[in-house]
Amino acid sequence: MNALRILVVSQKGGVGKSTLSANLSVWFSEMAFKNTVLLDLDPHGSSSSWVNFARQSSVFAEHAVLGDFESRRWLIDCRSRIRKYVAKSEVLVCDLTWTAAMDAELLHEFDLVVVPTSVSSIELSATIKFIESVGWVFTAKTGIPPTLLICPSRVSNEELKSDPFSKRRFSVPFMLLPPIHYDESVRQLFKKKFVFDVDSTASKSYSRCAEAVYNAGTIHQQAASSVVVKFSDRRVLATHNTKLSRYMAEKTSTAGIGNKFSQSNLRRSSITSSRRKEGQRSSNLRGLSRILESVISSK
Ligand SMILES: Nc1ncnc2c1ncn2[C@@H]1O[C@H](COP(=O)(O)OP(=O)(O)OP(=O)(O)O)[C@@H](O)[C@H]1O
Ligand SMILES: [Mg+2]
């Protein structure tokens with residue numbers, strides 16, 4: 001089974017992303033016995049410093065500050081890190097504060113996209129707006145879209161009695177996670193202990209939430225394993241995969257040069273061919289290098 005890739009994200013600050021990311025990664029490591037990596041993509045670095053400075057755990061936490069969110073470089077750098085850790089772990093948890101300039105294509109790197117949100121009317125509206133802005137990812141016809149999990153966060157006892165979700169219209173399918181209770185003691189635990197280390201209402205709600213994430217991950221991966229992604233679609237999803245892009249570049253330039261010609265074969269054969277053939281082949285070669293150049297420069 002491939003690594004479970006979880007993104008904890010929202011556009012709203014202070015909703016509990018980092019608290020959830022840090023504790024979720026420790027839960028996966030200690031309760032589900034998974035080799036877990038926490039990739040903290042948030043400039044504040046709260047979740048990684050929580051994991052690195054609290055009591056020892058076997059979670060590997062990295063804080064990666066990748067600026068210039070607007071550039072394609074950001075997407076490529078994030079993807080490289082994610083893929084590096086996915087190859088080495090069983091669970092990857094990413095903590096990210098979203099900005100409108102970011103490329104929503106990044107969400108395709110994940111199995112689960114967890115969006116913590118407060119349930120107050122104003123914050124829920126902002127969350128719905130954010131989800132709609134990246135909504136195409138969850139309904140994409142290409143590849144396997146991630147599963148969206150909405151997590152009611154920092155919910156007060158009073159709010160627990162209300163039902164704000166059934167009154168709202170969501171244009172994107174999602175699963176609702178068990179709510180995380182508001183508990184003042186959570187604040188005191190930062191960089192000292194994890195919420196599961198103390199017996200409290202919060203720790204029970206974090207455990208329930210983590211179990212639900214685990215189950216959603218299993219369901220997602222089972223469903224994904226039965227889907228066959230077309231080769232052409234895989235290329236769309238992995239545009240910076242050099243080997244694949246090169247292969248596709250060669251494949252798409254086969255009209256003039258024949259299927260099995262590598263660049264070196266072309267060079268060799270162009271020396272021994274007649275002048276006319278030589279001219280034709282070198283123009284094909286120029287075409288091929290143009291395609292390769294464009295593939296390389298798009299990275
Ligand atoms: N369940 C909870 N109960 C009470 N306080 C909480 C809870 N979860 C988080 N907090 C507190 O809320 C504040 C914001 O939490 P956190 O830093 O996890 O949010 P964030 O979404 O990562 O914020 P940012 O967008 O700034 O990165 C912190 O002070 C944290 O201690
Ligand atoms: Mg944070």
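Two strands count as paired when DSSP finds at least two bridges between them. That cut-off matters in the first view of this predicted model.

**View 1. Strand 4 and its two parallel partners.** Five bridges tie strand 2 (36-40) to strand 4 (91-97), and the two run parallel. If you want one pair to click on, try Leu 38, whose bridge partner in strand 4 is Val 93. Strand 1 (4-10) also runs parallel to strand 4, with seven bridges between them. Here Ser 10 sits opposite Thr 97 of strand 4. How many of the seven residues of strand 4 are buried? Six are, so the strand is largely enclosed by the rest of the structure.

**View 2. Helix 3, with a buried face and an exposed side.** Start with a quick geometry check: helix 3 covers residues 72-88, 17 in total, and at 1.5 Å a residue it should span 24 Å. Its end C-alpha atoms are 25 Å apart, which agrees. Which residues of helix 3 are buried? They are Cys 78, Ile 82 and Tyr 85. Looking down the helix axis, these buried residues fall within an arc of 70 degrees, so they line one face of helix 3. The spacing makes sense, because an α-helix has 3.6 residues a turn and residues three or four places apart point the same way. The buried residues of helix 3 pack against strand 1, strand 2 and strand 4. Flip to the other side of helix 3 and you get Ser 80, Ala 87 and Lys 88, which are exposed.

**View 3. The shell around ligand 1.** There are 19 residues around ligand 1, and the ones that come nearest are Gly 13, Gly 16, Lys 17, Ser 18 and Thr 19. Sorted by class, the shell has eight polar, six nonpolar and five charged residues. Which helices each supply at least two residues of this shell? Helix 1 (17-30) and helix 7 (184-189) do. Helix 1 gives the most, with three residues.

**View 4. Gln 11, in the loop between strand 1 and helix 1.** Is Gln 11 buried, exposed or partly exposed? With 18 other C-beta atoms within 10 Å, Gln 11 is partly exposed; the buried label would take 20 or more. Skip the neighbours within four places in sequence, and Gln 11 is in contact with Trp 98, Ala 126 and Phe 130. Leu 96 is worth showing too: Gln 11 and Leu 96 are 85 residues apart along the chain, yet their C-alpha atoms are separated by 8.7 Å.

**View 5. Two loop residues with positive phi, Arg 154 and Lys 191.** Most residues other than glycine have a negative phi, and this pair goes the other way. Arg 154 has a phi near 50 degrees and belongs to the loop between strand 6 (147-152) and helix 6 (157-160). Lys 191, not a glycine either, has a phi of about 65 degrees; look for Lys 191 in the loop between helix 7 and helix 8 (201-225). Which of the two labels, buried or exposed, goes with each residue? Arg 154 counts as buried, because it has 22 C-beta neighbours inside 10 Å. Lys 191 is exposed, with 12 other C-beta atoms within 10 Å, and the exposed label covers 12 or fewer.

Key: Residues are numbered from 1 along each chain as its sequence is written. Chains are lettered from A and ligands numbered from 1 in the order in which they are written. This is a predicted model: local features need pLDDT of at least 70, side-chain atom pairs count only at pLDDT 80 or more; totals for chains, interfaces and linings use all residues. A residue is near a molecule or strand if its C-beta atom, placed from the backbone, lies within 6 Å of it. Helices (H or I, at least four residues) and strands (E, at least two) are DSSP runs, numbered from the N terminus. Ala, Val, Leu, Ile, Met, Phe, Trp, Tyr, Cys and Pro count as nonpolar, Asp, Glu, Lys and Arg as charged, and the others, Gly among them, as polar. The expected span of a helix is 1.5 Å times one less than its number of residues. The arc is that of the directions from the helix axis to the C-beta atoms.
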